[in-house]
Structure formats: C-alpha cells, structure tokens
Amino acid sequence: VDDAVLPGHPDFETHPVVRHLTTARTEGPWVHVAWDDGSADRFYGPFLHENWFDPSVTSPDTRQRQLEPRQVRMDDPVGADVDGAGALVVSWAGGPTTRHHPGWLHHVVTGGHRPDVGRPRPVCWSTSGLAGLPTFDGPAVLADDEALAEWAAAVAVHGLGRLEGLHAGPDTVLAVAERLGVVRATHFGRRFDVVIAPENESNAYTALPLTPHVDIATRASMPGLQLLHCLVNDNPGGVSTMVDGFSVVEAIRVADPGVYEALTTLVWVHTNRSTVTDLRASSPVVVLDDDGRPAEIRLSNGTRALPDMADDDLPRAYTALRHMVDAVAATDYRIETHWRAGDLVAFMNGRILHGRAGFDPDAGGRHLQGCYVDADDLWSCLRIAARRERAGSDAGGGGPA
Ligand SMILES: O=C(O)CCC(=O)C(=O)O
Ligand SMILES: [Fe+2]
C-alpha cells in the first residue's frame, strides 16, 4: 500500500478534502477520529469495513458492493491511525487493514449521501413573483449540458420551465425528456397526443375545458414530471393555465387550518374508468412529506371517483375540496399562455396544476404531444450537473480527489 497517496472511495463522485484528519483511535466497535478544525466523529467498525474501496468489498467497475453482510467484520477493530497521505487506516486481527478517504468520510458525516442533497427546495410563486413562464432556448438544452442544467434547475425550483424554438416534430418531446433521464410510460403510452380523438380516454383528448389538475392520480406512483410540446396551435382558444399548487396549499395552511387538515388527511379514490385498464389509487388531496411539507398534490377532477372516508367526514371533505378549487382559480396563482408551435413546457406534475380553456375545434388546429419522467431523473440530472461542475469537465470520470 502506497500510504503517500490517498486511497479511492466507492463513489464515482469527487469528494474534495475539505478537512484533514488529525488522530484516530478505536474504542470497542467504534473508530473515533479528530479533524483539523477541532471537531470529532466516530465511525462504526463494520460500516468502515463494508465501505472500504477494495475489490474484495466493492467492484471497481460497477462500484456496487460485493461483500455480503455475513462477511462483514463484526469483531472490534484493533487499530486505527491517520497515515502519511491523510487517510484513515483501520485494522482487524488477522487482517484486513482498510484505508478510507477523508473527503469521503467527511461527506458521510455531513449527510452528503442523502437523497435530499441536490434537490433544490421549491420556491413558491404567485403571479406577482413570477410574471411569466421561465423560458430557455430549446435547441441549446438539447445540445449543451450547461443549458440543460439551468433549465432543469428552474423546473426544480419554480416547478416549471419553458423551452422555445424547438423543432415542432413528433420526436422532439421524447428527445427532450431523454435529456433528463428515461421516459416514464403509462397507460397513455410512452408519448401521448393531445388532439381530439374519436375514442378519447381522457377529457384532455376533447375540446372541453380542463380545470387545473395533475395527471395520473390513478396510480400509486404518479409521474413527477410532465412535458408538453406544441406541434400546432392555430386555434385562438384553449389558453393554457399553470398554477403553483404549493403556493395555494401554503395560503390555505395559514388562513384555513381546518381546510388544510381535511385536504391533507381525508382520502379520495381516483380511477381511470377505462374499458381496457382498471387503475385505482387513493390519497388525500395534499400528500405531506416526513417534514410536514407538501410532497404531492393529487387534484384531478376528471379521475376523482369516490370519497374513501367515514360518512361524518364527507361535509368537511367536500367543503375543503371546493375551497381548494376556488383558491386554485384565484388569479394570483396562475400563469396563462397561448401555446406557440415549438414551445415545450416541463412542469412538476405533483406541484404545478395545469389546465386549459375550452376551444372551438373548428376554429383552428391544435396539437400537443406529451410524456412523463419521474422526479428521480430530474434530481439525478441536477446531481450529475453539480458533480460535473465540481470535477471540471471530467463528468463521471470517477476516482478520488
Ligand atoms: O390541452 C392542454 O393544454 C393540456 C392537456 C392536458 O391536460 C394533458 O394532456 O395532460
Ligand atoms: Fe393533464
């Protein structure tokens, strides 16, 4: 072992050494370390063994763990030290001696591996805060990773971002989605056409108005992101509405706690009422995350089938629903745009409620195409962009700092 050189670590990510280790010692199963800023941490011995970057533990190619839990050393480590390169060195009786990268250890104790890292907090908006759709150059997003990252960040923060100047062809929406990750196919297909269809399976495929809604509330896992792309719009009607549902929910939480309680606890069943599929999912209108913040709104009048609650809860459930829909309709939370051919809007499906005015089908053509992507792909895209920024141009090049 060349102890003048820092060891690798299991991640492809770069973990810069922002603090240096000064001392290390064992105490039972624990390895206590001190850092050069005076702080201290402890690591569990078996945790260190199974996160050693060594082919006996982690495949150097896939970076997936090969060591099974039954192979992890559960006896106490017998020695711990900081070597000449600044790595943590830990040994067990009869071997192995493991070495650990200080930047990687630091990222662990600061929670750098957690799923919320790289997920920007939503910044809620009303019309006074965000006058129009944040707009970006479509061809640049297709061609350039930095342009992609800027647009993706706007989608994460504001919940939506428009691309303009895209080719108004049938492959565009999937090509843009694939810049973020993989397309999430649903019962509407990998890609769906928003046109008036003779055998429509959704009010979207008619000329009817659509009150602001989310899509696919009929599935336990709702796609996190929707992309809509305009191929043709010669119709003066069908104006599109985008509402920040999180802003609406926050206003209700502050002003009407009883309504908020009903929206976040009382459960409705959504179904798709099709002849060939029978999808069902139940959920409150507003799903909260573990920290009590809105994670997902499930408001879709077209698919909301039945209340799933005690009879005595029905009056406040219906009242709260009405209250929510009225708040959504309040102009302070909406952006209205008329689709232009070549425009594409990506929006967080569980946050931004989208709708449209009705239109006269004889007044001009109107053709949108859409698809879905899971939110995981957006977070991954943003983390890879941040990784690229940290590592210079060596995206995914791996290896330690
Ligand atoms: O026609 C529109 O503007 C929106 C259609 C829609 O809601 C959808 O396809 O999910
Ligand atoms: Fe929709």
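User: Which residues surround ligand 1?

Analyst: In this predicted model, the residues around ligand 1 are Phe192, Val194, Ala204, Leu210, His213, Asp215, Gln226, Trp339, His354, Arg356, Arg366 and Leu368.

User: What makes the pair between ligand 1 and the side chain of Arg366 a polar contact?

Analyst: An oxygen atom of ligand 1 lies 2.8 Å from an N or O atom in the Arg366 side chain. A polar contact is a pair of N or O atoms within 3.5 Å, so this pair qualifies. The side chain of His213, at 3.1 Å from a ligand oxygen, and that of Gln226, at 3.2 Å, therefore qualify under the 3.5 Å cut-off.

User: How much of ligand 1 does the protein cover?

Analyst: Of the 300 Å² of accessible area that ligand 1 has on its own, the protein covers 98%.

User: Which elements give two or more residues to the shell around ligand 1?

Analyst: They are β9 (192–194), β10 (210–213), β20 (352–356) and β21 (366–373).

User: How do the residues of that shell divide by type?

Analyst: Six are nonpolar, three polar and three charged. Arg366 is counted as charged because Arg belongs to that class by definition.

User: Why is the set that includes Leu160 and Val248 called a nonpolar core?

Analyst: The name applies because its members are buried residues of the listed nonpolar kinds, joined through side-chain atoms within 4.5 Å. This largest core has 48 residues, and those with the most contacts inside it include Ile252, Leu263, Leu299 and Met324. Helix α8 (residues 314–329) gives the most to this core, with six residues.

User: What is Ile252 in contact with, leaving aside neighbours within four places in sequence?

Analyst: Ile252 is in contact with Pro257, Val259, Tyr260, Leu263, His323, Met324 and Ala327.

Conventions: Residues are numbered from 1 along each chain as its sequence is written. Chains are lettered from A and ligands numbered from 1 in the order in which they are written. This is a predicted model: local features need pLDDT of at least 70, side-chain atom pairs count only at pLDDT 80 or more; totals for chains, interfaces and linings use all residues. Side-chain values use heavy atoms; hydrogens and water are left out. A residue is near a molecule or strand if one of its heavy atoms lies within 4 Å of it. A polar contact is a pair of N or O atoms within 3.5 Å; within protein, one must be able to donate a hydrogen and the other to accept it, and residues adjacent in sequence count only if both atoms are side-chain atoms. Accessible areas come from the Shrake-Rupley method with a 1.4 Å probe; for residues, only the protein chains shown count as cover. Helices (H or I, at least four residues) and strands (E, at least two) are DSSP runs, numbered from the N terminus. Buried means under 20% relative accessible area, exposed over 50%, partly exposed in between (1.4 Å probe, protein chains only). Contact means heavy atoms within 4.5 Å.
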